[in-house]
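Trainee: I would like to take a close look at a single part of this model, and then see how charged and aromatic side chains are placed elsewhere in the chain. Could you take me through it slowly?

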Amino acid sequence: RNSVGFLKAINVADTFNNRIRKITSMGLVSTLAGSGVQGFADGSGVDARFYAPRGVALDEAGNVYVTDYLNNRVRKITPSAIVSTLAGSGVQGSANGIGTAATFNRPRGLALDGNLNVYVTEDSSHRIRKITPSGAVSTFAGSGVAGFIDGVGSQARFNLPSGVAVDSGGNVYVADYVNDRIRKITPSGVVTTLAGSSSGSADGTGTNANFNFPYGVAVDSVGTVYVADFGNNRIRKISPLGV
């Protein structure tokens with residue numbers, strides 16, 4: 001899992017080494033944070049501990065955000081490598097609240113919008129959670145029950161949502177892994193299916209296309225969506241018109 005920094009460095013969640021790594025444009029690899037020993041500890045650089053970190057994202061100030069998957073927390077790393085807990089108590093659950101009063105259920109992917117809201121996919125509760133810059137955690141979309149339903153907010157259903165990305169208009173894109181679909185959520189929480197209908201590899205427009213366990217998703221400045229189609233061993237591209 002990686003995010004690209006503004007100085008052309010790449011931040012990587014090194015899941016099985018329980019570290020966050022940094023790769024410069026010259027290929028120099030270093031450890032930004034994490035001792036390498038699984039566990040939980042806030043702190044500076046290698047004094048901090050993670051447990052199977054998965055998603056990473058970067059803001060304009062150079063802060064790195066991490067979904068700490070098996071710690072059920074979302075962590076924040078400053079440019080000087082100070083690690084803190086942005087949200088999550090460490091207890092597995094889906095309670096809304098402020099900061100560490102909230103709980104997460106296996107947070108996997110995350111992305112930031114232009115207002116520094118953090119969107120987090122929870123694969124074990126099939127929800128998309130939202131964290132405001134002040135640390136307020138809410139459920140953005142998903143009922144908490146595995147399934148497939150388009151709808152508004154908690155009326156919608158996902159099945160093991162994985163990758164997530166946000167475009168310049170604040171629309172959120174989700175790789176809905178088991179449903180073999182790419183979902184789109186408007187800033188007001190309206191969930192629709194952008195592309196995909198069932199397991200397969202067919203190209204096409206919208207629901208005429210097929211995916212096979214889509215895992216990662218990214219969106220560029222003109223609204224083109226890129227998908228890591230895990231089960232098909234392909235990188236797929238979706239135009240703003242859904243092609």
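Trainee: To begin with one residue, is Lys184 buried, partly exposed or exposed, and at what relative accessibility?

Mentor: Please keep in mind throughout that this is a predicted model. Lys184 has a relative accessibility of 25%, and because buried means under 20% and exposed means over 50%, Lys184 counts as partly exposed. Its place in the fold is in strand β18, and if we set aside the neighbours within four places in sequence, Lys184 is in contact with Asn171, Val172 and Tyr173, as well as with Val190, Val191, Thr192 and Leu194. Take Val172 from that list: the two residues are 12 apart in sequence, while their C-alpha atoms are 5.7 Å apart in space.

The loop between β17 (172-176) and β18 (181-185) brings us to an aromatic residue, Tyr177, which lies in that loop. Tyr177 counts as buried, with a relative accessibility of 16%. A pair of aromatic rings is described by the distance of the centres and the angle of the planes. In this structure the count comes to 5 aromatic pairs. For Tyr177 and Tyr215, the ring centres are 5.8 Å apart and the planes meet at 85°, so this pair is edge-to-face. Since Tyr215 belongs to strand β20 (residues 214-219) while Tyr177 is in the loop, the pair ties together parts that are 38 residues apart in sequence. Both tyrosines also belong to one aromatic cluster, which they form with Phe213 and Phe230.

Turning now to charged side chains, the general idea is that those of opposite charge can pair when their charged atoms come close. The structure holds 9 salt bridges, and one of them joins Asp42 to Arg75, with the closest N and O atoms 2.9 Å apart. Asp42 lies in the loop between β4 (29-33) and β5 (43-44), whereas Arg75 is in strand β8 (residues 73-77), so the pair ties together parts that are 33 residues apart in sequence. The two partners also differ in their surroundings, for Asp42 is partly exposed with a relative accessible area of 37%, while Arg75 is buried with a relative accessible area of 0%. Asp42 and Arg75 are linked with Asp68 in a network of salt bridges. Arg75 has an aromatic neighbour as well, because its charged end sits over the ring of Phe50, 4.7 Å from the ring centre. An arrangement of this kind is also found at Arg54, whose charged end sits over the ring of Tyr69, 4.1 Å from its centre.

Two further salt bridges are worth setting side by side. Asp123 and Arg108 meet through their side chains at 2.6 Å, N to O, and this pair links the loop between β12 (118-122) and β13 (127-131), where Asp123 lies, with strand β11 (residues 107-112), where Arg108 lies, 15 residues apart. Both of these residues are buried. In the other bridge, Asp203 pairs with Arg236, the closest N and O atoms being 2.8 Å apart. Asp203 lies in the loop between β19 (190-195) and β20, and Arg236 in strand β22 (residues 234-238), so here too the pair ties together parts of the chain, 33 residues apart in sequence. Here Asp203 is exposed, with a relative accessible area of 65%, whereas Arg236 counts as buried at 8% relative accessibility.

Technical notes:
Residues are numbered from 1 along each chain as its sequence is written. This is a predicted model: local features need pLDDT of at least 70, side-chain atom pairs count only at pLDDT 80 or more; totals for chains, interfaces and linings use all residues. Side-chain values use heavy atoms; hydrogens and water are left out. Rings of Phe, Tyr and Trp (its six-membered ring) pair if their centres lie within 6.5 Å; planes under 30 degrees apart count as stacked, over 60 as edge-to-face and the rest as tilted. Helices (H or I, at least four residues) and strands (E, at least two) are DSSP runs, numbered from the N terminus. Buried means under 20% relative accessible area, exposed over 50%, partly exposed in between (1.4 Å probe, protein chains only). A charge sits over a ring if NZ of Lys or CZ of Arg is within 6 Å of the ring centre and within 35 degrees of the ring normal. Contact means heavy atoms within 4.5 Å. A salt bridge is a side-chain nitrogen of Lys or Arg within 4 Å of a carboxyl oxygen of Asp or Glu.
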